[in-house]
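The following note was prepared for a colleague who has asked for a reading of the structure. The points are numbered so that each may be checked in turn.

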Amino acid sequence: MMSKRIGGLSMLPLTCIARVRVMLRHVSLLLLSVLALSGAAHAQEASAPVAAAGDFKSLDQEVQALKKEVLDLNRELFVLEEELLFPANTQVAVFVSMDVGEFFAVDSVTLKLDNKEVANYLYTEREAQALLKGGVHRVYLGNLKAGDHELIALFTGQGPHVRDYRRGATINLTKGVGAKYVELKISDRASKAQPEFVVKEWE
Amino acid sequence: MRSRAAVRALIAAALLVVASPSPAADLQGQPAPDFALRSLEGQNLRLSEHLGGVVLINFWASWCGPCRQEMPLLDELHVKYKLAGLTVLGVNIDDSTERAAEMAKTLKVSYPVLFDERKDVSRSYAVSAMPFTVLVDREGVVRYVSDGFKPGYEKRYAEQLRELLNDE
């Protein structure tokens, strides 16, 4: 139930959040004044007739309920704010890793998401060495809406016999709820003496 | 009456131009934007890999006359101060790398010549004139920016370089 409400609210723009915040502040002030009133009532309780005790008890419960509601609303607002600022459900990250690298020396990686270039990274000698030593490079971090998307990765570098090598790989991504991590792994295919580009998706 | 208003508007515009700092001035004191570019030798070079030393970044183009004058002088600075921790990077902004490569070979510069074909780097440094020289200190902060070139500028560069090289 809670998640549904948050999901619905997440469509609201940030200005709405600001309004809700102001409303929340007003509710808090109201709550404080009610608490102050109830405090004053408690002070008078000793002299008040016993019959009125039941009324105060119900007022106390109401105040407690109101307080709980404010706390719930505050928590909901906090979650909503975080969701809007850091939308994990739209997050996509692409990583590059290398294994062995006998048949390929990486020079650059270009990424296209839905036919739009989103990253173009040139690797220096040191960075290529770091990849060979097991380093994983995050080449892209962005947001993507749920649904099907096409990711094109274009690798350039030196292939077997120190020849210029250019290779593209197309990946059809299905973005669901939750962050998506894609690993582009460059490895060697010893049987063909050629580099191999493997795509691995992490949910 | 109208002409007076026009004159006032012109004065106001001129004052605004004088008062507003240039993008190059904005860069001073800021961390130098990092970049990686392909060099004339075919390797890729990244600015951040040279931090710890002083870096002189010189933006140039093959169609720029003063660049032709300046580059051999920068090469002299490079040869003289490289052992003291200076790296000179020549960033070419030509659309075609062929003419730039030819010019670099003709001038026999010994420092790395890089190609900014996509113009991303020159945009991030707000290059407004040719040549355009940026001095980055050991911490990676832009300390001096100079646009254009006139004979005598090389002395200024040398003074600034010595100051940055002597910085602890």
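Which residue of E6(A) stands opposite His149(A)? The first point answers this, and the later points move on to the other sheet, to chain B and to the contact of the chains. The model is a predicted one.

1. **The hairpin of E5 and E6 in chain A.** His149(A) has Leu173(A) of E6(A) opposite to it. The two strands concerned are E5(A), residues 147-158, and E6(A); they run antiparallel and are joined by 12 bridges. A further pair in this ladder is Leu154(A) with its bridge partner Gly168(A) in E6(A). Together E5(A) and E6(A) make a hairpin, with five residues between the strands. In the turn, His161(A) has a positive phi of about 60°.

2. **The antiparallel sheet of chain A.** The hairpin belongs to an open sheet of four strands, ordered E3-E2-E5-E6 in chain A and paired in antiparallel fashion. Strand E3 (116-122) and strand E6 (164-175) of chain A are the edge strands, and each of them pairs on one side only. From one strand to the next, the twist averages 20°. How many of the 12 residues of E6(A) are buried? The number is zero, so E6(A) lies largely in the open.

3. **The loop ahead of E3 in chain A.** Asn115(A) is located in the loop between strand E2 (105-113) and E3 of chain A. Its phi is positive, at about 70°, although Asn115(A) is not a glycine. Most residues other than glycine have a negative phi, which is why such a value deserves a check. Asn115(A) has 7 other C-beta atoms within 10 Å and is therefore exposed.

4. **The mixed sheet of chain A.** Another open sheet of four strands has the order E4-E1-E7-E8 in chain A, and its pairing is mixed. Its edges are strand E4 (137-143) and strand E8 (194-202) of chain A, each paired on one side only. Neighbouring strands here are turned against each other by 15° on average, direction ignored. Within this sheet, strand E1 (residues 91-98) and strand E7 (residues 180-189) of chain A run parallel and are joined by seven bridges. Ser97(A) stands opposite Lys185(A) in E7(A).

5. **The make-up of chain B.** Chain B has six helices and seven strands. Their succession from the N terminus is α-α-β-β-β-α-β-α-β-α-β-β-α. Of its 168 residues, 32% count as buried. Among the contacts in chain B between residues at least 6 apart in sequence, 70% join residues at least 24 apart.

6. **Two helices of chain B.** Helix H3 (residues 65-81) and helix H6 (residues 153-166) of chain B have axes that come within 11 Å and cross at roughly 25°. H3(B) and H6(B) are therefore roughly parallel to each other, and their crossing is right-handed. On the side of H3(B), Leu73(B), Leu77(B) and Tyr81(B) take part; they meet Glu154(B), Tyr157(B), Ala158(B), Leu161(B) and Leu165(B) in H6(B). By class, this contact has seven nonpolar residues, no polar residues and one charged residue.

7. **The loop between H5 and E6 of chain B.** Which two residues does the cis peptide bond join? It joins Met130(B) and Pro131(B), with omega about -10°. Pro131(B) has its place in the loop between helix H5 (120-124) and strand E6 (132-136) of chain B. Ala126(B) lies in the loop between H5 and E6 of chain B as well. The phi of Ala126(B) is near 50°, a positive value in a residue other than glycine. Ala126(B) has 15 C-beta neighbours inside 10 Å and so counts as partly exposed.

8. **The contact of the two chains.** Seven residues of chain B and six residues of chain A make up the contact. On the side of chain B, strand E1 (36-39) and strand E2 (44-46) are the elements that give two or more residues. E2(B) gives the most, with three residues. By class, this side of chain B has two nonpolar, two polar and three charged residues.

9. **The loop between E1 and E2 of chain B.** Gln43(B) is found in this loop. With 14 other C-beta atoms within 10 Å, Gln43(B) is partly exposed. Its C-alpha atom is separated by 9.3 Å from that of Leu114(B), which is 71 residues apart from Gln43(B) along the chain.

Key: Residues are numbered from 1 along each chain as its sequence is written. Chains are lettered from A and ligands numbered from 1 in the order in which they are written. This is a predicted model: local features need pLDDT of at least 70, side-chain atom pairs count only at pLDDT 80 or more; totals for chains, interfaces and linings use all residues. Axes are lines fitted to C-alpha atoms, for helices over the stretch in contact, and angles run from 0 to 180 degrees between N-to-C directions. Angles under 35 degrees count as roughly parallel, over 145 as roughly antiparallel, 65 to 115 as roughly perpendicular and the rest as oblique. A crossing is left-handed if the near helix is turned anticlockwise from the far one by less than a right angle, and right-handed if clockwise. Two residues are in contact if their C-beta atoms, placed from the backbone, lie within 7 Å. Ala, Val, Leu, Ile, Met, Phe, Trp, Tyr, Cys and Pro count as nonpolar, Asp, Glu, Lys and Arg as charged, and the others, Gly among them, as polar. Two strands pair if DSSP finds at least two bridges between them. A residue is buried if 20 or more other C-beta atoms lie within 10 Å of its own, exposed if 12 or fewer, and partly exposed in between; C-beta atoms are placed from the backbone.
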